[in-house]
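Visitor: Please take me through the surroundings of the bound molecules, and justify each term as it is used.
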Amino acid sequence: MSISTEVDMERIPRHIAVIMDDNGRWAKAKELPRTAGHQQGVETVKKITEEATRLGVEYLTLYTFSTENWNRPEPEVAALMGLILDHLEDEIFMKNNVRFRVIGDLERIPEQVRVRLHECMERTKKNEKMTMVIALSYSSRWELTHAMRQLAEKVKNGSLQPTGITEESIQECLATSFMPDPDLLIRTGGELRISNYLLWQCAYSEFYFCDTYWPDFDEEELRKAIADYQSRERRFGKTGEQVAKK
Ligand code: IPE
Ligand code: IPE
Ligand code: MG
């Protein structure tokens, strides 16, 4: 594979979030079962994790299974859980010094998978090159509902005043409280939607949509997304002149 896209190594996004879509359509186009698409998708996860680590990305958050995905046919859900179980032992984390974390409603996850997730987080907790996060049984509305409940409990027991509810105190109640907001959000597969992913956190993220199916997404595609991100001016509400002065 020849790598052609140049990226500025001084301005690598700290946090990249990805909506890994189109495994099913990739498989269908090849007349394979949908699960073959998910299997190939796992190979892309490994490739992209390694490349992101090489590039110096600090956090990579991968949308792996949404709250809404529980509504898929049971055999597909089981196959996805099986894939997670099979690949958490992977050397990828230790070899690349990657810390593993998971965000989402883990109470809904089968016990065996949940145990393995905790083992993997424990095993990799001291790794420090990059943090790879999978969003599993995750949706933003679930996360925000959960956060609001936590805040309401605190107000009820008197440890928090309503005026103490600030952007920071909300942020602390989110599943993502241990990481910065995504700088860049990538969605593969051509759909132009956010599908209940990191709604609060993506308030100022740069969005990058591409038509490539996730199983075909590779190192070069990631570099293209980063180069595109680097060509943009992030203004955070200010004027272009103010930003240029910095
Ligand atoms: C993304 O691929 C993986 C998950 C949502 C688990 P899809 O399974 O959504 O593939 P398409 O969108 O049906 O092609
Ligand atoms: C989003 O993909 C969720 C994940 C990538 C895990 P979907 O394929 O479920 O999204 P929609 O439902 O088509 O928007
Ligand atoms: Mg999809």
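Guide: An N or O atom in the side chain of Arg34 is 2.9 Å from an oxygen atom of ligand 1. This is a predicted model, in which local features need pLDDT of at least 70 and side-chain atom pairs pLDDT 80 or more, while totals for chains, interfaces and linings use all residues. Residues are numbered from 1 along each chain as its sequence is written, chains are lettered from A and ligands numbered from 1 in the order in which they are written, and side-chain values use heavy atoms, without hydrogens and water.

Visitor: Why is the pair of Arg34 and ligand 1 called a polar contact?
Guide: A polar contact is a pair of N or O atoms within 3.5 Å; the Arg34 pair, at 2.9 Å, therefore qualifies. The side chain of Arg72 also has an N or O atom 2.7 Å from an oxygen atom of ligand 1, and a backbone N or O atom of Asn23 lies 3.1 Å from one.

Visitor: What makes five residues around ligand 1 count as charged?
Guide: Asp, Glu, Lys and Arg count as charged. The shell includes Asp21, Asp22, Arg25, Arg34 and Arg72, so these belong to that class.

Visitor: Which residues make polar side-chain contacts with ligand 2?
Guide: Among them are Asp21, at 3.1 Å from an oxygen atom of ligand 2, Asn69, at 2.9 Å, and Ser195, at 2.6 Å.

Terms used: Polar contact = N/O pair within 3.5 Å; in protein donor to acceptor, adjacent residues only side chain to side chain. Near = heavy atom within 4 Å.
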